[in-house]
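Here's a quick tour for anyone meeting this protein for the first time. Have a look at the sequence and the model before reading on.

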Amino acid sequence: MGTMDGIIDTVSAVHPLLPLLGLLKSQGKLVMVGAPDRPLPVFSLLMERKIVAGSCIGGMKETQEMIDFAGKHNITAEVEVISMDYLNTAMERLENNDVRYRFVIDIGNTLKAT
């Protein structure tokens with residue numbers, strides 16, 4: 001039985017959804033904003049009372065056009081890169097309105113450290 005109330009899935013490439021659904025509690029929500037072109041595992045959704053929602057933010061083509069435009073015009077994002085072990089502190093900072101930029105969790109280097 002999963003322990004999460006919700007997951008926001010931003011991956012637009014085809015990827016396994018069952019592991020994500022397994023992390024959700026009953027009535028948990030998987031919000032997909034990446035929209036890979038693959039059918040959903042309906043049986044898992046029905047039997048485990050999971051909810052899927054989505055938002056149409058654009059596909060791979062639109063995302064690439066946006067990245068190309070940003071590169072051409074030197075538009076960058078200001079972010080604060082954090083490791084997984086800083087996540088609880090980051091959440092406290094969010095609650096205290098002590099965040100100037102978007103947090104980006106550096107999963108790759110976090111995994112290399114273990």
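What follows covers the sheet, a helix and two pockets.

This is a predicted model, so local features need pLDDT of at least 70, side-chain atom pairs count only at pLDDT 80 or more, and totals for chains, interfaces and linings use all residues. Residues are numbered from 1 along each chain as its sequence is written, and side-chain values use heavy atoms, with hydrogens and water left out.

Let's start with the sheet. Three strands (DSSP runs of E, at least two residues, numbered from the N terminus) make an open, parallel sheet in the order β1-β2-β3. The edges belong to β1 (4-9) and β3 (51-54); each has a single partner strand, so one side of each lacks a neighbour in the sheet. From one strand to the next, the twist averages 15°, with axes fitted to C-alpha atoms and angles running from 0 to 180 degrees between N-to-C directions.

Pairing here takes at least two DSSP bridges between two strands. The parallel pairs look like this:

| Strand pair | Bridges |
|---|---|
| β1 and β2 | five |
| β2 (residues 24-32) and β3 | four |

On the β1 side, I7 sits opposite L30 in β2. Over in β3, A53 is the bridge partner of V31, and I51 is that of K29.

Now for the helices (DSSP runs of H or I, at least four residues). Helix α3 (residues 60-72) has 13 residues, which should span 18 Å at 1.5 Å a residue, and its end C-alpha atoms are indeed 18 Å apart. That expected span is 1.5 Å times one less than the number of residues. After α3 comes N74, with a positive phi near 55°.

Last stop, the pockets (open sets of points on a 1 Å grid over the protein atoms alone where a 1.4 Å probe fits, with protein on both sides within 12 Å along at least five of seven lines; lining residues have an atom within 4 Å of a point). The largest has a volume of about 200 Å³, counted as the space filled by probe spheres set on the points, joined across faces, edges and corners. Its lining residues are I8, T10 and R102. The second largest pocket holds about 170 Å³ and is lined by M84, L87, I105 and I107.
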